Structures are given as C-alpha cells and as structure tokens.
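Work through the following exercises with the sequence and the model open beside you. Try each task on your own before you read its solution.

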Amino acid sequence: MKEEFLIKRKLEYSIIPYLNCAPGLKKSRNFIFFHTYDYTKEVFTLMAGYGIVPIVNNIANAGAGGSSSLTAMSVVGIGLGICSGILKFAYGRESITQKVMGQKKLIRNLAILRSQVHQALADNAPGGSLAALIAVQKELSTLVNNNIQEGIYEFDRCFEAENIAKSKADTNRLLQQFNLSIKDTEAEVEEIPDQIV
Amino acid sequence: MLKSKSDQPDNRPEIQIAFRTNENGDPLYIDDKGTRHFKIRISIQNIPGDSYAVNYQLHPSYISSFREQRNREEDFAFNTTTYGDYIISAEVMGKKINTIASGLVSDLINKYYSGSGAVNNAVTAAITKIKLA
C-alpha cells in the first residue's frame, strides 16, 4: 500500500509534471519563430532574389532614360526579404539556435523517459516498479537540472495548478492502465513506516 | 556545475531534522513489530536564493530512498520516519550551481534540539534509540 502510494506521489509531483511540459515547449515563441525562419528561409531568399532583380533592372533602365516601374511580384519579394531579414536577426542568432536545438533534444529525452515510466509501471517484481521509477526520477532530475543551468528551459510552468491537475489525472489513468491502486491517501499511509527493517 | 560553497561556511545550506511531536513535545513514532519508527520532518536551512528543488538521498532501506522536493516556501520539507542512524545527503539544485549538504541523522536531530531548547527526556531517549539501533 505504501509503495503504491509512493509511486502515485512520485508520478503526480516529481515525474509527470516534467514530462507534460514537452508539448508546451513546442508552443514557445522561440521554438515557433525559429522553425518558421528555418523552414522558409530558402523560399524567402528565392523570393527576395526575385524582387531585387527587377529593381536593379529598373534602376539601370532609369539611368539609361527608360521607364521605372515595380511589379507586384517584386514588391512581395522585397517584403518577404525584409521579413526573412527580421526573422534571421531575431531568431537566426547562434544563441537562439542553440537554445531551440537544446529544446528539441529535451523533448526527445522527455519522450524517452515517458516510455521508461511505462516500462517501470509494467515491472511485476516486488518493489520493481518503485525501484525502476526512482531510476527514472534520478535521470529526469539530472536532465531538468542540466537544462535549467544551461538556460534551455526553466520548467516553471510545469508546476502551475493547471498542469498539476493534469498530472494527477494522467497519473490516475496510468495507474488504472497498469492495475495499480489509486485509492491510497496520505492519511491512510501515515501510520506505515517508510523504512524496511 | 557541481560546487560546494566551502569559502562561505556560514551560508552553506544545512539539513535540519526535527521530531514530529505531540502536545507535550514527545516524539511521535510508529511501533512496527517492536521497532520504533520515529516520525521526523526533514528540511533545509540557509537556502541559496536561486534554489528551486532539493534531492534528498536517504538510506537504501527506505521504500523510496530518493526524494525530490520543490516546496521552497516550506524550506523543501517533507515528513518521513526513521528507526536508525545513517548519513543523509541533500543536493540543493540551483539555477547556476548545485550545493551538497549531508550529515548523520542523530547529529542533525541533536543540533536542532540543542538550538531550540525544546529538548526533554523523551527526545533524548529517542535520539539514543536511533543511535543504538
């Protein structure tokens, strides 16, 4: 009973909140704009190039006494070129690139740990699930701390009330899935020692 | 990343352990087949400003020997039990550096009560029992 209670507490407060942060990472401004810049920079470059050629031609024509007019396409090209430049300035810097790459790696690592949580809960040996979860928790703790200290992600939002509520619901779902008790409360286990003699 | 602030001994984080007591100040315990498991509260003092979590490493005989606490507003405290003496360690996780604190459970309880003045015969007996277990 105590073991299942501890499994539940670990999942609710020390493991699932971190794992549930991964989708939030993908919604961060840096992440979205960096990928927008990364995926579209080639198109922008092409469009910008298309916009610049007519301008150069127009200037050359004007100098030679010809008429100067910008096509709609060249205006679009210039606009996109400016956008690309702004995105590159704001989100193409090395520090942002490193941060976003770090966040991508973090999302992958959190996904790996999530699968390890499932494997831990499926462990049928006595005390096996808790021992395996402690190993996952230690690995997760190192991962979280390294990412905080390297400035990749702060994990602050993981522990907002809304996320804790979601973590509790996810924990109950997981425990049901693996046929583990979800009825224990802190008061019920208060009179059970934590240590095995 | 891992450093201890040995240059600032007075400001280093320290583990604090106190008995959970009844209204008379006597330690509470669970009697399990003749073994007294004393109810204790473990927390951290001198917490560095950028700390956001503490990882406690308890004796391997605990059902869960690794505890992560993020309740900074409660000095990263948690309740547990102990029937014997062992070295407890805590890694105080900071946004820049981590700091390690450790100590013998009986010494840390002694230190708490020598400073608080709330010591009585039951407390002294409980500390002795933990030391001799």
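**Exercise 1: Two helices that pack**

The crossing of helix 1 of chain A and helix 6 of chain A is left-handed. This is a predicted model, and the task is to describe how these two helices are arranged and which residues join them.

Solution. Begin with the axes: those of helix 1 (residues 2-19) of chain A and helix 6 (residues 128-149) of chain A come within 10 Å and cross at roughly 25°. Angles under 35 degrees count as roughly parallel, and therefore helix 1 of chain A is roughly parallel to helix 6 of chain A. Next, find the residues in contact: helix 1 of chain A contributes, among them, Leu6(A), Leu11(A) and Tyr18(A), while helix 6 of chain A contributes residues including Leu130(A), Ile134(A) and Val144(A). Finally, sort the residues of this contact by character, which gives eleven nonpolar, four polar and two charged.

**Exercise 2: A second partner for helix 1**

Determine whether helix 1 of chain A and helix 5 of chain A are roughly parallel or roughly antiparallel to each other.

Solution. The angle at which helix 1 of chain A packs on helix 5 (residues 94-121) of chain A is about 160°, and the two axes are 10 Å apart. Angles over 145 degrees count as roughly antiparallel, so helix 1 of chain A and helix 5 of chain A are roughly antiparallel. The handedness of their crossing is left-handed. On the side of helix 1 of chain A the meeting residues are Ile7(A), Leu11(A), Ile15(A), Tyr18(A) and Leu19(A), and on the side of helix 5 of chain A they are Leu110(A), Leu113(A), Arg114(A), Val117(A) and Leu121(A). Sorted by character, the residues of this contact comprise nine nonpolar, no polar and one charged.

**Exercise 3: Where the chains meet**

Work out how many residues each chain gives to the contact between chain B and chain A, and which residues of chain B lose the most area to chain A.

Solution. Count the residues, which come to 33 from chain B and 29 from chain A. Then turn to area: the two chains bury about 2,600 Å² between them, with 50% of it on carbon and sulfur atoms. In chain B, the residues that lose the most are Ile63(B), Phe66(B) and Lys95(B), which together account for 27% of what that side buries. Lastly, look for charged pairs: there are two salt bridges between chain B and chain A, and Lys95(B) forms a salt bridge with Glu154(A) at 3.0 Å, N to O.

Notes. Residues numbered from 1 in each chain as written. Chains lettered and ligands numbered in written order. Predicted model: local features only at pLDDT ≥ 70, side-chain atom pairs only at ≥ 80, totals over all residues. Heavy atoms only, no water. Axes fitted to C-alpha atoms, helices over the stretch in contact; angles between N-to-C directions. Helix = DSSP H or I, 4+ residues; strand = E, 2+ residues; numbered from the N terminus. Parallel < 35°, antiparallel > 145°, perpendicular 65-115°, else oblique. Left-handed = near helix turned anticlockwise from the far one by under 90°. Contact = heavy atoms within 4.5 Å. Nonpolar A, V, L, I, M, F, W, Y, C, P; charged D, E, K, R; others polar. Buried area = accessible area lost by both parts, 1.4 Å probe. Salt bridge = Lys/Arg side-chain N within 4 Å of Asp/Glu carboxyl O.
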